[in-house]
Amino acid sequence: MVVKVYGPDYANPKRVLVCLIEKGVEFETVPIDIFKDENRSPEFLKLQPFGSVPVIQDGDYTLFESRAIARYYAQKYKHQGTDLLGKTIEETGLVEQWLEVEAQCYSPPITDLIYKIVFDPIRGLTPDPKLIKESEDKLCKVLDIYEERLSKSKYLAGDLFSLADLSHLSLTQYLMGKMGKEYLIRDRKHVSAWWDDISSRPSWKKVVELWPGLY
């Protein structure tokens, strides 16, 4: 049964796509145009009552929230493709720790930046430089902690590329593209090397090539 992934052009669904590619799971995508409120249609809301993407359908199994989906497939196919969870319970604990850091500390300020710089102009809104600076300052504080961590280990959870690293790809790609904020990564030696490593993986290159979205 081929997995269906809804909304491939947006950042959070890309977290799922790159996970599926790393695990060697066959999938197909279903476009959803949020600017046309297709995510608010009665049909879509039956799948995702909050109206956000992604959603997956795997046979008669439906799941939403990108990190939950990625965890699900990383566990379901643990012994297939890239091991994204670690080989020991201690390694898995570190992976889960940094996944939480990404979700709770990294994602909020970078998402604010993306909405202010990329999405507000599409909606006809004028970005507020003061609010942009506030979000950037918050993100810098997180990246400074990442710089310290990555000075001691190749990846966030240790020496293995994991779901924790993978989960950063889809949002960070915005910084490196049209947002013109790549200096936030490049000004930090170890963060920059980490980004070059994880973003050069064939799985991520394929996602960006096939579903460039607003990068």
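How many residues of domain 1 are in contact with domain 2, and how many residues of domain 2 are on the other side of that contact? Keep that in mind while we get our bearings. What you're looking at is a predicted model, and its protein chain is assigned two domains: domain 1 covers 3-77, and domain 2 covers 89-201. If you take the centre of each domain over its C-alpha atoms, the two centres sit 22 Å apart.

Now back to the opening question: twelve residues of domain 1 touch 17 residues of domain 2. So how do you put a size on a meeting place like this? The size of an interface is often given as the accessible area lost when the parts come together. Here, about 1,200 Å² is buried between domain 1 and domain 2, and carbon and sulfur atoms give 62% of that area.

Charges play a part in the count too. Between domain 1 and domain 2 there are five salt bridges. For one to look up in the structure, try E96 and R71: they form a salt bridge whose closest N and O atoms are 2.9 Å apart. There are also eight residue pairs in polar contact between the two domains.

Which elements of domain 1 give two or more residues to the side that touches domain 2? They are α1 (11-23) and α3 (66-76). Of the elements there, α1 gives the most, with seven residues. Sort that side of domain 1 by class and you get a mix: six residues are nonpolar, five are charged and one is polar.

Technical notes:
Residues numbered from 1 in each chain as written. Predicted model: local features only at pLDDT ≥ 70, side-chain atom pairs only at ≥ 80, totals over all residues. Heavy atoms only, no water. Domains from an automatic or database assignment. Contact = heavy atoms within 4.5 Å. Buried area = accessible area lost by both parts, 1.4 Å probe. Salt bridge = Lys/Arg side-chain N within 4 Å of Asp/Glu carboxyl O. Polar contact = N/O pair within 3.5 Å; in protein donor to acceptor, adjacent residues only side chain to side chain. Helix = DSSP H or I, 4+ residues; strand = E, 2+ residues; numbered from the N terminus. Nonpolar A, V, L, I, M, F, W, Y, C, P; charged D, E, K, R; others polar.
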